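Colleague: I've got this protein up on my screen and would like to talk it through with you. Can we take it piece by piece?

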Amino acid sequence: MESQNTNGYNDEEMTVELELDDGQTVNCAVVTILTVDKQDYIALLPLDENGENEDGEVWFYRYAEDEQNPNQEPSLTYIDNDDEYENVADAFDEYLDNVEFDEIIGEDKDE
């Protein structure tokens, strides 16, 4: 894993609608955007009809924005390579560890 960061993207509550191969539409919360080996990836939390995620499942996709047309919707591409997927999953785990650490440090400062 060469590098991973959040590209300065704001991790506010953002959602996207994904149309799956079977035609079903799923609303997903954007967890974060990571860069792994110079490629951007998006981590999505699929939400049920109540806007919740009971099982904690996270979906990863390659993420790309059109630099020539910033108004165009970003493209999401399925990751079909197991090694690439594992690298992204590892980077996401590291991201979660850092978020937990930051929250713990923030709580300690408040005490």
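What follows is a chat about this predicted model, in questions and answers.

Colleague: Let's begin with the basics. In what order do the elements of the protein chain run from the N terminus on?

Modeller: The protein chain has 1 helix and 5 strands. Reading from the N terminus, the order is β-β-β-β-β-α.

Colleague: How far can I trust it, and over which residues is the pLDDT below 50?

Modeller: The mean pLDDT of the protein chain is 84, and 79% of its residues reach 70 or more. One stretch falls below 50, though it still has 36 contacts in the model beyond near neighbours in sequence. Where pLDDT is low, the predicted coordinates should not be read in detail. The stretch to treat that way is residues 1-11.

Colleague: Okay, on to the sheet. Which are the edge strands?

Modeller: The 5 strands make an open sheet with antiparallel pairing, ordered S1-S2-S3-S4-S5. An edge strand here pairs on one side only, and that goes for strand S1 (14-19) and S5. From one strand to the next, the twist averages 45°. So if you want the names of the edge strands, they are S1 and S5.

Colleague: Over how many bridges do S2 and S3 pair?

Modeller: Strand S2 covers residues 25-36, and its pairing with S3 is antiparallel. Within that pairing, Thr 35 sits opposite Asp 40 in S3. The number of bridges between S2 and S3 is 8.

Colleague: And the loop between those two strands: which residue there has a positive phi of about 70°?

Modeller: Two loop residues are worth a look. Asp 37 lies in the loop between S2 and S3; its phi is near 50°, positive in a residue other than glycine, and its relative accessible area of 35% makes it partly exposed. Lys 38 is found in that loop between S2 and S3 too, and it counts as exposed at 69%. The residue with a positive phi of about 70°, despite not being a glycine, is Lys 38.

Colleague: Now S4. Is it largely enclosed or not, and how many of its residues are buried?

Modeller: S4 pairs with strand S3 (residues 39-46) in the antiparallel sense over 4 bridges, and Leu 44 stands opposite Trp 59 in S4. It also pairs with strand S5 (residues 75-78), again antiparallel and over 4 bridges. Across the protein chain, buried residues make up 28% of the 111 residues. S4 spans residues 59-64 and is largely enclosed by the rest of the structure, because the buried ones number 5 of the 6.

Colleague: Which residue in S5 is the bridge partner of Tyr 61?

Modeller: The place to look is the pairing of S4 with S5, which is antiparallel. Opposite Tyr 61, the partner in S5 is Tyr 78.

Colleague: What does the side chain of Arg 62 reach?

Modeller: Arg 62 is in strand S4. Leaving aside neighbours within four places in sequence, its contacts include Gln 39, Asp 40, Ser 75, Asp 80 and Glu 84. Its side chain also comes to 3.1 Å from a backbone oxygen, that of Tyr 78.

Colleague: I also see some rings. How many aromatic pairs are there, and what is the geometry of Phe 60 with Tyr 85?

Modeller: A search of the whole structure turns up 3 aromatic pairs. Phe 60 lies in strand S4 and Tyr 85 in helix H1 (residues 82-110), so this pair ties together parts 25 residues apart in sequence. Phe 60 is buried at 9% relative accessible area, whereas Tyr 85 is partly exposed at 30%. With 5.4 Å centre to centre and 65° between the planes, the geometry of Phe 60 and Tyr 85 is edge-to-face.

Colleague: Phe 60 and Phe 92 form a pair as well. How many residues apart in sequence are the parts it ties together?

Modeller: Phe 60 and Phe 92 are edge-to-face, at 5.3 Å centre to centre and 65° between the planes. Phe 92 counts as buried because its relative accessibility is 6%, under the 20% cut-off. Since Phe 60 is in strand S4 and Phe 92 in helix H1, the parts tied together are 32 residues apart.

Colleague: Last one: which residues do the ring pairs link into a cluster?

Modeller: We've already met the pair of Phe 60 with Phe 92. The full cluster linked by ring pairs is Phe 60, Tyr 85, Phe 92 and Tyr 95.

Key. Residues are numbered from 1 along each chain as its sequence is written. This is a predicted model: local features need pLDDT of at least 70, side-chain atom pairs count only at pLDDT 80 or more; totals for chains, interfaces and linings use all residues. Side-chain values use heavy atoms; hydrogens and water are left out. Buried means under 20% relative accessible area, exposed over 50%, partly exposed in between (1.4 Å probe, protein chains only). Two strands pair if DSSP finds at least two bridges between them. Rings of Phe, Tyr and Trp (its six-membered ring) pair if their centres lie within 6.5 Å; planes under 30 degrees apart count as stacked, over 60 as edge-to-face and the rest as tilted. Axes are lines fitted to C-alpha atoms, for helices over the stretch in contact, and angles run from 0 to 180 degrees between N-to-C directions. A polar contact is a pair of N or O atoms within 3.5 Å; within protein, one must be able to donate a hydrogen and the other to accept it, and residues adjacent in sequence count only if both atoms are side-chain atoms. Contact means heavy atoms within 4.5 Å. pLDDT is the predictor's confidence in each residue, from 0 to 100.
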